[in-house]
Amino acid sequence: RVHGGLFLFVMDRDNIPSTIKGLRACIRCGLVKPFEQFKAEGCDNCEGHLQFRNDEKAVRTYTTDDFQGLISLIQPKKSWVAKWQHISRLCSGCYAVTVNGELSPNDILTLQDSGLPVYLRKRGTSTFSTEQE
């Protein structure tokens, strides 16, 4: 949108955390939302493959509260930060810089069979890496 000569970028409200309490990060992509928001909506990037909407056990399996840093993306395809963090193909929203958690080998195979990269956003790694990109 243009307002008074300035470009205003508006993120989809579903992609931003509704509260700062109980924040969790998706283990695969790093999207950050509160537990209840993940439960109600799933993950905007992964829901089609990991399906944790309306499933508390799956939300606990595919998300973690053990993450560091926060990146807010409005235009991922144009953001150098998104390119640097290898998240430029993901939806706009808030992302963890590092995530400490792991998917099961079966979940990894399911994602790889679907052609989706499996992100490794762990602490202590000097670079971002994926198992498949």
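Helices here are DSSP runs of H or I with at least four residues, numbered from the N terminus. With that in hand, Glu41 has its place in helix H1. One thing to keep in mind for every view: this is a predicted model.

**Figure 1. Glu41 in helix H1 meets Lys33 in a salt bridge.** The closest N and O atoms of this bridge between the Glu41 and Lys33 side chains are 2.9 Å apart. The pair also shows up as a side-chain to side-chain polar contact, again at 2.9 Å. How exposed is each partner? Glu41 has a relative accessible area of 25%, so it counts as partly exposed. Lys33 comes out at 0%, so it counts as buried. Look across from Glu41 and you'll find Arg53, which is 12 residues away along the chain, with the two C-alpha atoms 5.5 Å apart.

**Figure 2. Phe38 and Phe52 make one of the two aromatic pairs in the structure.** Their ring centres sit 5.8 Å from each other, the planes are at 45°, and the pair is tilted. Which parts of the chain does the pair link? Phe38 belongs to helix H1 (residues 35-41), while Phe52 is in the loop between H2 and helix H3 (56-62), and 14 residues separate them. Both Phe38 and Phe52 are buried. Phe38 has another neighbour worth a look: Lys33 lies over the face of its ring, 5.8 Å from the ring centre.

**Figure 3. Phe52 also pairs with Tyr62.** With ring centres 5.5 Å apart and planes at 50°, the pair of Phe52 and Tyr62 is tilted. Why does that pair tie together parts that are 10 residues apart in sequence? Because Phe52 is in the loop between H2 and H3, whereas Tyr62 is in helix H3. Are these two residues buried or exposed? Phe52 is buried, and Tyr62 is too. Step back a little and the ring pairs join Phe38, Phe52 and Tyr62 into a cluster.

**Figure 4. Glu47 is buried and has no salt bridge.** Glu47 is part of helix H2 (residues 47-50). Which side chain of opposite charge is nearest to Glu47? That would be Arg53, at 4.5 Å, and a salt bridge has to be within 4 Å, so this pair doesn't make the cut. The Glu47 side chain does have a polar atom 3.2 Å from the backbone nitrogen of Phe52. Leaving aside residues up to four places away in sequence, Glu47 touches Glu41, Gly42, Phe52 and Arg53.

**Figure 5. Glu56 forms salt bridges with Lys39 and with Arg60.** The structure has four salt bridges, and this view takes in the two made by Glu56. The Glu56 and Lys39 side chains come to 3.1 Å, N to O. Lys39 is in helix H1 and Glu56 in helix H3, so this bridge ties together parts 17 residues apart in sequence. How exposed are the two ends of that bridge? Glu56 is partly exposed, given its relative accessible area of 37%, and Lys39 is partly exposed as well, at 24%. In the bridge with Arg60, the closest N and O atoms are 3.7 Å apart. Because Glu56 and Arg60 are four residues apart in helix H3, about one helical turn separates them. Elsewhere in the model, salt bridges with shared partners join Lys33, Glu41 and Asp44 into one network.

**Figure 6. Asn54 is exposed in the loop between H2 and H3.** What relative accessible area does Asn54 have? The value is 61%, so Asn54 counts as exposed. Not counting residues up to four places away in sequence, Asn54 touches Lys39 and Ala40. Gly42 is 12 residues from Asn54 along the chain, and 7.6 Å separates their C-alpha atoms.

Conventions
Residues are numbered from 1 along each chain as its sequence is written. This is a predicted model: local features need pLDDT of at least 70, side-chain atom pairs count only at pLDDT 80 or more; totals for chains, interfaces and linings use all residues. Side-chain values use heavy atoms; hydrogens and water are left out. Helices (H or I, at least four residues) and strands (E, at least two) are DSSP runs, numbered from the N terminus. Buried means under 20% relative accessible area, exposed over 50%, partly exposed in between (1.4 Å probe, protein chains only). Lys and Arg count as positive and Asp and Glu as negative; His and the chain ends are not counted. A polar contact is a pair of N or O atoms within 3.5 Å; within protein, one must be able to donate a hydrogen and the other to accept it, and residues adjacent in sequence count only if both atoms are side-chain atoms. Contact means heavy atoms within 4.5 Å. Rings of Phe, Tyr and Trp (its six-membered ring) pair if their centres lie within 6.5 Å; planes under 30 degrees apart count as stacked, over 60 as edge-to-face and the rest as tilted. A charge sits over a ring if NZ of Lys or CZ of Arg is within 6 Å of the ring centre and within 35 degrees of the ring normal.
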